[in-house]
Amino acid sequence: MGIVLKNKETNKIIFYLKGAETVMKACVRPGQRATIDESCENLAIEGLRTLVIAQKGLSQKYFEEWQKRYKVAKSTLVNREERISECVQ
């Protein structure tokens, strides 16, 4: 699950994504996967469940192009779920 936020003061656009560590490991750079494994394992040893949160800065141009594709995918009548999924991956 994710959300896109724009800071009104700085105009920075940031995409935040959350999910289980097993899902999120595929969404981060390979060099960061070991950090997720280690952190989640340490928390699991203490009996805690984990939720991984990641963020990515987006340029205004990239966001606008993505938003157009997403709106088209949401309004399609054929294979809507697949088209939406393609946009968010």
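A residue counts as partly exposed when its relative accessible area lies between the 20% under which it would be buried and the 50% over which it would be exposed. The exercises below apply to a predicted model.

**Exercise 1.** Find which side chains meet in a salt bridge, and decide how each partner is classed by accessibility.

*Solution.* Begin with the count, which comes to one salt bridge. The partners are Asp37 and Lys25, whose side chains meet with an N to O distance of 2.9 Å, and this lies within the 4 Å that the criterion demands. Next, place them along the chain: Asp37 belongs to helix α2 (residues 30–45), while Lys25 sits in the loop between α1 (21–24) and α2, so that the pair, twelve residues apart, links distant parts of the chain. Finally, turn to accessibility: Lys25 counts as partly exposed because its relative accessibility is 25%, and Asp37, with a relative accessible area of 35%, is partly exposed as well.

**Exercise 2.** Describe the largest pocket by its volume, its lining and the character of the lining residues.

*Solution.* The volume of the largest pocket is about 840 Å³. Its lining holds 27 residues, of which Phe15, Leu17, Cys27, Lys56 and Val88 are the closest to the centre. Two or more lining residues come from each of β1 (2–6), β2 (13–19), α1, α2, β3 (52–58), α3 (60–75) and α4 (80–88), and among the contributors β3 supplies the largest share, six residues. Sorted by character, the lining comprises 19 nonpolar, five polar and three charged residues.

**Exercise 3.** Identify the residues of the largest nonpolar core and the element that gives the most to this core.

*Solution.* The seven residues of the largest nonpolar core are Ile13, Leu58, Phe63, Trp66, Ala73, Ile84 and Cys87. Two or more of them are given by α3 and by α4, with α3 giving the most, three residues. Apart from this core lies another, of six residues, including Leu17, Val28, Cys40 and Val52.

**Exercise 4.** For Asn11 and Asn79, state the sign of phi, and locate each residue.

*Solution.* Most residues other than glycine have a negative phi. Asn11, although not a glycine, has a positive phi of about 65°, and Asn79 likewise shows a positive value, near 55°. Asn11 lies in the loop between β1 and β2, whereas Asn79 is found in the loop between α3 and α4. As to accessibility, Asn11 is partly exposed at a relative accessible area of 48%, and Asn79 counts as partly exposed at 45%.

Methods. Residues are numbered from 1 along each chain as its sequence is written. This is a predicted model: local features need pLDDT of at least 70, side-chain atom pairs count only at pLDDT 80 or more; totals for chains, interfaces and linings use all residues. Side-chain values use heavy atoms; hydrogens and water are left out. Helices (H or I, at least four residues) and strands (E, at least two) are DSSP runs, numbered from the N terminus. Buried means under 20% relative accessible area, exposed over 50%, partly exposed in between (1.4 Å probe, protein chains only). On a 1 Å grid over the protein atoms alone, a cavity is a set of points where a 1.4 Å probe fits but cannot get out, and a pocket is an open set with protein on both sides within 12 Å along at least five of seven lines; lining residues have an atom within 4 Å of a point. Grid points are joined across faces, edges and corners, and a volume is the space filled by probe spheres set on the points. Ala, Val, Leu, Ile, Met, Phe, Trp, Tyr, Cys and Pro count as nonpolar, Asp, Glu, Lys and Arg as charged, and the others, Gly among them, as polar. A nonpolar core is a set of buried Ala, Val, Leu, Ile, Met, Phe, Trp, Tyr and Cys residues joined through side-chain atoms within 4.5 Å.
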